[in-house]
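Walk through this structure from the outside in. Begin with how the chains are arranged, then turn to how helices pack within one of them.

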2 protein chains.
Amino acid sequence: MLKELDLKTKIPEEEYTPLIKQLKPRLTMLQQEIIKKKIPVIIIFEGLSAAGKGAAVNSLILNFDARGYTVYNTRPPQPDELRLPWLARFMDQIPSYGRISIFDRSWYSGVLMPGVKSEKSASARIESIKIFERQLADDGYLILKFYLYISKKEQKKRLEALRDDPHTAWRVTETDWENVKQYDAITSRSEKLILQTDAPYAKWQAVAATDRRYARVRIFSAIADAMEHALARKRESIPQAEFSPVPETRFTLLPHKKIEEMDLMPSVNEEEYRRLLKQYQKKLFELQNALYLKKIPVIIAYEGNDAAGKGGNIKRVAAALDARSYAVTPVAAPSPDELNHQYLWRFWKSLPRTGHFAIFDRTWYGRVLVERVEALTSISRINQAYHEINEFEYMLHRWGAVLFKFWLAIDKDEQLCRFEQRESTPEKQWKITEEDWRNRDKWDQYTAAVNDMFRYTNTDFAPWIVVEAGDKKFARLKTLKTMIDILKKRV
Amino acid sequence: MLKELDLKTKIPEEEYTPLIKQLKPRLTMLQQEIIKKKIPVIIIFEGLSAAGKGAAVNSLILNFDARGYTVYNTRPPQPDELRLPWLARFMDQIPSYGRISIFDRSWYSGVLMPGVKSEKSASARIESIKIFERQLADDGYLILKFYLYISKKEQKKRLEALRDDPHTAWRVTETDWENVKQYDAITSRSEKLILQTDAPYAKWQAVAATDRRYARVRIFSAIADAMEHALARKRESIPQAEFSPVPETRFTLLPHKKIEEMDLMPSVNEEEYRRLLKQYQKKLFELQNALYLKKIPVIIAYEGNDAAGKGGNIKRVAAALDARSYAVTPVAAPSPDELNHQYLWRFWKSLPRTGHFAIFDRTWYGRVLVERVEALTSISRINQAYHEINEFEYMLHRWGAVLFKFWLAIDKDEQLCRFEQRESTPEKQWKITEEDWRNRDKWDQYTAAVNDMFRYTNTDFAPWIVVEAGDKKFARLKTLKTMIDILKKRV
């Protein structure tokens with residue numbers, strides 16, 4: 001692919017000027033449409049050292065209103081970023097709807113550049129990239145990827161020119177000369193990567209970049225065409241992505257009992273509770289220290305019926321942990337900024353560093369629970385979500401995280417009893433709102449959504465754990481005991 | 001202060017239990033009020049190693065609804081954070097209105113901890129802290145600072161106990177033992193720092209932390225009392241801060257001509273323009289390389305009349321720079337999240353790293369321009385803003401940044417002419433809105449605001465530069481030439 005490019009392609013000055021004069025205002029006006037139609041755009045520039053990535057970015061942005069784009073230069077990760085899943089550090093750079101993010105190097109550098117030693121890790125990253133880009137495309141993102149290519153001779157010539165100009169000499173590093181030496185190896189690696197990550201919804205374009213005028217015209221027209229195409233699809237309400245909305249799952253799903261078939265009332269006596277609570281909390285504290293040392297991240301996802309006792313349950317877990325090593329992320333309705341991104345985006349941003357705990361009080365499952373019951377999202381996006389969530393959890397699992405998914409379950413009568421109790425206790429009144437009563441009216445719809453959630457997201461690497469919560473004390477002991485049993489095996 | 005604490009103070013179990021039983025629900029209910037009344041709260045824990053900061057945080061948060069607080073553990077800065085002004089890395093941790101941020105170590109660690117070598121740097125940081133906390137308090141922030149203190153003997157005993165428990169042994173580091181040795185020196189340094197940064201609106205509380213029960217009761221009641229006090233002030237609409245709203249300026253203000261006294265129409269011919277533009281852009285490019293190597297940050301603030309040509313001017317500057325080294329931050333109306341923070345907060349978050357350029361298309365001066373003319377903010381907060389802005393720029397200046405403040409000026413007739421031209425050119429129509437016409441109706445009020453801005457923010461370290469923009473070409477050359485002349489002196 002790269003090797004087949006005609007690197008001698010040129011555009012003479014007299015053809016270039018009229019072409020570019022037409023392209024520039026076209027890009028300017030298209031960006032305004034992109035903003036109006038709220039289409040998010042990702043433009044990636046990868047390529048050889050000195051191939052002209054910086055110049056391409058530089059000339060491109062002069063056509064755009066600065067209020068609508070941001071340029072990101074991907075540098076090696078900071079130490080703290082190495083303690084997060086590999087893609088997490090790019091999350092702040094993903095554009096919100098209607099914005100353009102331009103990458104001078106991107107997540108692909110994490111695969112192409114030295115630093116990724118083992119094949120295994122590179123192939124894991126490639127798999128993550130593919131999932132990630134497909135999920136974004138499914139959400140309406142326009143993704144453009146350019147690879148700028150020049151000959152070895154040209155690369156050397158450009159680096160020498162930079163070196164010989166006293167103002168730019170410092171820019172040429174040892175790595176650059178090393179890259180010239182490794183030219184053939186880098187080309188092969190890049191070709192392979194391009195083939196592996198090319199997709200109809202996130203297409204690679206290899207650009208012969210010897211002639212800057214030619215490269216510029218190629219890039220500008222590709223971007224203008226893609227924007228026009230995306231705008232046309234939006235006008236016709238054709239989904240941006242070009243594949244079936246509910247992909248066949250590639251994960252192994254385990255069977256799960258329906259919630260109404262389970263006994264939710266097992267209980268424990270006060271004395272036993274006090275004894276075991278103390279014992280379990282002590283054990284969890286010890287395990288936490290061991291997990292910290294082994295740098296294993298732990299993610300605890302709490303879902304459950306309203307008033308099932310999530311808050312109190314979380315407090316008993318938190319009380320056992322060191323405040324420095326965990327954070328509770330309460331998940332409420334998304335903020336305006338969160339609504340302007342793919343729905344998993346905000347959860348990527350709350351993941352724990354290695355060795356830490358992240359506790360979610362409600363989770364990404366809101367997509368297939370409240371958003372489904374309240375019809376906040378189209379049925380096709382919700383159907384996709386089961387699969388997207390499994391993929392998300394799969395990435396967490398393969399990163400090395402221990403993931404607990406607790407469903408705290410009570411029955412309808414027990415909920416009524418608790419609601420009434422909250423209303424009559426002054427310091428608990430803030431816990432009960434009109435919305436809780438409205439949700440209760442939809443009990444059966446919620447139950448159906450919960451059973452579907454069990455059915456489609458009970459993967460072998462991230463199974464659901466139903467916590468019978470008719471007796472809050474029993475529930476607290478069960479979550480603690482479950483965590484201890486599983487974490488013990490990891491340290 | 002620390003040395004005068006009675007470290008033997010204790011609360012016996014039988015007194016503790018009823019006290020804490022009363023304090024815990026009080027804190028729970030107060031947090032709900034804090035959320036409702038949108039009061040932002042900062043709670044800082046500093047103190048000796050093993051004094052119980054972590055335990056204090058741990059016990060405190062169990063009283064709070066997780067939806068309303070976040071805990072931050074301040075660790076040494078990441079390499080990238082060292083390339084920003086010292087306080088910038090804390091900006092993401094400043095709570096929005098109604099939220100609580102709890103710090104286990106904070107900005108004070110940057111002064112107390114090893115790493116701050118010179119006295120000069122420590123005293124500069126202390127000055128920044130004082131400005132920063134006062135500005136937050138002026139904005140309604142409740143700031144609580146606890147210093148937990150124990151005896152040298154007790155510190156040693158606790159570290160030994162941690163070391164002897166196999167589950168916690170790894171937590172005790174060389175630094176901890178070093179701290180025991182340096183006990184007296186650390187105490188003196190801390191005492192001095194506490195005295196220097198104590199203020200009625202950001203009070204230090206030294207807590208004898210030998211007895212954990214006593215420390216807990218002291219901390220819980222201090223927080224509960226302060227919250228009640230803040231809520232009472234809010235109910236009575238008494239400003240949170242306790243000092244005069246317009247502090248006497250400590251900066252040297254330079255005289256500045258009124259805008260109506262200036263000739264805004266100097267011009268340049270096309271040929272001269274083309275020649276000089278090329279020459280200046282080349283020179284700026286060279287300077288940028290030198291500034292990058294010297295790690296000098298450059299901040300370019302663009303303000304000016306609507307249609308004065310800010311966008312085109314910025315493009316000519318940007319075209320000279322490497323895309324990797326600058327970012328344009330367009331400043332529009334604040335987002336909901338930004339409205340829920342002190343108004344300078346969002347600008348802290350867009351500062352350049354050392355060696356980079358940050359270009360602001362409109363700036364923090366919106367506070368004293370549009371917010372004043374449109375009466376979006378109380379007159380007393382706007383009067384404070386002149387001083388707060390000077391302080392902000394002073395911190396940038398002392399950090400080592402070169403700050404340019406350009407006012408692009410056209411007269412009323414010229415603006416009308418440009419508005420009409422925009423309306424009749426298809427690819428420029430997006431640039432002109434109803435709001436532009438409304439702003440134009442308030443031309444005289446804006447002019448008065450601009451003259452006041454010159455009068456009160458034309459400091460010797462960050463003077464205004466009026467760019468006569470009746471001829472756009474002249475204006476572009478002037479900004480470039482001004483930058484070159486000043487930057488030349490810095491490299």
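What follows covers the pairing of the chains and then two helix contacts in chain B.

This is a predicted model. Start with symmetry. A turn of 180 degrees, with a shift of 0.0 Å along the axis, lays chain B on chain A with an RMSD of 0.0 Å. That is the relation of a two-fold axis. To find the axis from chain B, look for Q78(B). Its C-alpha is the one in chain B nearest the axis, at 3.5 Å.

Now the interface. On chain B, 45 residues are in contact with 45 residues of chain A. The overlap between the two sets is complete: 100% of the interface residues of chain B are interface residues in chain A too, so the copies meet through the same surface. Together the chains bury about 4,200 Å². Carbon and sulfur atoms account for 57% of that area. Which three residues of chain B supply more of its buried area than any other three? They are W170(B), R324(B) and W430(B), and they supply 15% of what chain B buries against chain A.

Next, go inside chain B. Two packed helices are described by the angle between their axes and the distance between the axes. Helix α8(B), residues 212–235, serves as the reference here.

Take helix α1(B), residues 13–36, as one partner. Its axis comes within 9 Å of that of α8(B), and the two cross at roughly 30 degrees. An angle under 35 degrees counts as roughly parallel. The crossing is left-handed. Contact residues on α1(B) include Y16(B), L19(B), I20(B), L23(B), L27(B) and L30(B). On α8(B) they include V217(B), F220(B), A224(B), M227(B) and L231(B). Charged residues take part as well, among them E13(B) and K24(B) of α1(B) and R213(B) and D225(B) of α8(B). By class, this contact has 13 nonpolar, one polar and eight charged residues.

Helix α2(B), residues 53–61, also meets α8(B). Here the axes come within 11 Å and cross at roughly 55 degrees. The two helices are therefore oblique to each other. This crossing is right-handed. From α2(B), the contact uses A55(B), A56(B), S59(B) and L60(B). From α8(B), it uses R212(B), R216(B), I219(B), F220(B) and I223(B). Six of these residues are nonpolar, one is polar and two are charged.

Finally, compare the two contacts on α8(B). R216(B), F220(B) and I223(B) touch α1(B), and these residues also touch α2(B).

Terms used:
Residues are numbered from 1 along each chain as its sequence is written. Chains are lettered from A and ligands numbered from 1 in the order in which they are written. This is a predicted model: local features need pLDDT of at least 70, side-chain atom pairs count only at pLDDT 80 or more; totals for chains, interfaces and linings use all residues. Side-chain values use heavy atoms; hydrogens and water are left out. Axes are lines fitted to C-alpha atoms, for helices over the stretch in contact, and angles run from 0 to 180 degrees between N-to-C directions. Helices (H or I, at least four residues) and strands (E, at least two) are DSSP runs, numbered from the N terminus. Angles under 35 degrees count as roughly parallel, over 145 as roughly antiparallel, 65 to 115 as roughly perpendicular and the rest as oblique. A crossing is left-handed if the near helix is turned anticlockwise from the far one by less than a right angle, and right-handed if clockwise. Contact means heavy atoms within 4.5 Å. Copies are superposed by least squares on the C-alpha atoms of residues with pLDDT of at least 70 in both. Buried area is the accessible area (1.4 Å probe) that two parts lose on being put together, summed over both.
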